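Trainee: I would like to test some labels against their cut-offs. Can we take them one at a time?

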Amino acid sequence: MTVPDAIVLRGLRKTFGETVAVRDLDLVVPEGALYGVIGPNGAGKTTTIRMILSILLPDRGALSVLGRPSALEAKDRIGYLPEERGLYKRMRVGQFLAYMARLKSADGPGLQARIRQWLERIDLGGVEHKRCEELSKGMQQKVQFLAAIVHRPALLVLDEPFAGLDPVNQRLLRELVTEEHRRGVTVLFSTHIMAHAEQLCDHVVMIHRGEKVLDDRLSDIRARHVPRTVVFEPLDPAAAAEALARVPGVARVSVTGRTWELALAPDAAPASVIQRVAAAIPPARVELTRPSLEDVFFRIVSARPAEHGGAAPGAGAAGGSGAGPAEARP
C-alpha cells in the first residue's frame, strides 16, 4: 500500500531582495516519517519551514501539506514550535495551554486533565497556575512545546527545538518527540547541530546556501560512508603519538587531550591497522568510527563550487522574526 505524503515541495524558491534564500527546492516527506532538516545558520531552513506553514509565500513553486495546497487549510492538524519563542507571558500556564488547544478546535472534555498530565510528564507539575513570565527560559520552552502538541496534531514541525535547553531537557524533549512519532505523527524538525539529527531522525535533508545537497535515509548515508577513522586512547598518558604516525596504513594522527584520531590511508584495511596500532602502543581504548553527519556535510559542501551567495543575515530565519504566539502558528 502506498503511504501518502504529508509534505510535498516542488521547485520552491524564495528571495529577499537580491539574495536567494531557498533555491528551487524539491522535497517529499511521507506520512509518519521523522525528517531532520540540517545545515548551518542562514542556510534557508527556517525560510523553508515558514513557506511550508504558509507564514511566508514562495516566489514560485508548488507545495501541499497534509493533502492541502496550503497549511492554512489544515492548521488544526499541525503543531508548530517556531525558532523565535513566544508565550503570552501574563497568562497562567494552564490557561495558555487550554487557549492554544481551543485555537486548534481541541477543547473537548478532559482537556484540563490532559494538560495536567502533560505538565507532570515534563517535570512542571507545580506550575499550572503560575504566569508564564514566572518560568525560566527552559521551562517556557517546554511549555511552548506542549502548546505544539496539546491538540494531538498529525504533523509536528519543530524549528531548532533544542536551542537553549540543557542536556537533561534536551534528552527529555527527544523522548517526547519520539513518543509523538510512535503515535503516528509526521515530524519535521530543523537544526544546525547535526548530532541532534543523528540521535533522533531516520531521514536527513541537508541544505546549504538555500540548496538541498543531500536527501536520504540516515542508515543509507552511514552505509555509503565507510569508517576511515580510528579513535585511540593510550594506556600510558605519557606515550608519544608520533609512534603511531609511523604505523603502516595510518595517514595522519591528530591529538586532542588524551584522545588521538588516526586517519587511515585510502587503501588501508581497518582491522589490520587496528592490530598494528595496538601492538605499537598498548591502548586503553581503540575503536573504528564512522564519519558524523557534520563530517559528511563538510565533504559535500567542500566539493561544491562556491557559485551562489549565501542567505542574507536573517534570511535563513525567514528574514527575521518578531512573530508573537498567534502569528507563529498556522
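Mentor: We will go through burial, strand pairing, a crossover and a helix packing. Keep in mind that this is a predicted model.

Trainee: Why is His208 called buried?

Mentor: Its relative accessibility is 17%. Buried means under 20%, so His208 counts as buried.

Trainee: Where is His208 placed, and which residues is His208 in contact with?

Mentor: His208 is in strand S8, residues 203–208. Leaving aside neighbours within four places in sequence, His208 is in contact with Ala43, Val213, Phe297 and Val301. Contact here requires heavy atoms within 4.5 Å.

Trainee: What makes strand S6 mostly covered?

Mentor: S6 spans residues 155–159, and 5 of its 5 residues are buried. Take the two sides in turn. Leu155, Val157 and Asp159 lie on one, Leu156 and Leu158 on the other, and all are buried. Both faces of S6 are therefore covered, by the under 20% cut-off.

Trainee: How do you know that S5 pairs with S6?

Mentor: Count bridges. Pairing needs at least two. Strand S5, residues 78–81, is joined to S6 by 4 bridges, so the two strands pair; they run parallel. Gly79 stands opposite Leu156 in S6.

Trainee: What joins S6 to S7?

Mentor: There are 5 bridges between S6 and strand S7, residues 186–191, and these strands run parallel. Leu156 stands opposite Val187 in S7.

Trainee: Why is the crossover from S6 to S7 called right-handed?

Mentor: The chain leaves S6, passes through helix H5, residues 167–182, and reaches S7. Right-handed means that this path runs clockwise when the strands point away from the viewer. This β-α-β crossover is right-handed.

Trainee: Which strands form the open sheet, and in what order?

Mentor: The order is S11-S12-S10-S13, with antiparallel pairing.

Trainee: What makes S11 and S13 edge strands?

Mentor: Strand S11 (250–256) and strand S13 (283–289) each pair on one side only. Neighbouring strands of this sheet are turned by 20° against each other on average, direction ignored.

Trainee: How do you know that S10 pairs with S13?

Mentor: Strand S10, residues 229–234, has 6 bridges to S13, against a cut-off of at least two, so they pair; they run antiparallel. Within S13, Val286 is the bridge partner of Phe232.

Trainee: Which helix packs on this sheet, and which strands does the helix touch?

Mentor: Helix H9, residues 270–280, touches S10, S11, strand S12 (259–264) and S13. The direction of H9 makes about 165° with that of S13.

Terms used
Residues numbered from 1 in each chain as written. Predicted model: local features only at pLDDT ≥ 70, side-chain atom pairs only at ≥ 80, totals over all residues. Heavy atoms only, no water. Buried < 20%, exposed > 50% of the residue type's maximum accessible area, 1.4 Å probe, protein only. Axes fitted to C-alpha atoms, helices over the stretch in contact; angles between N-to-C directions.
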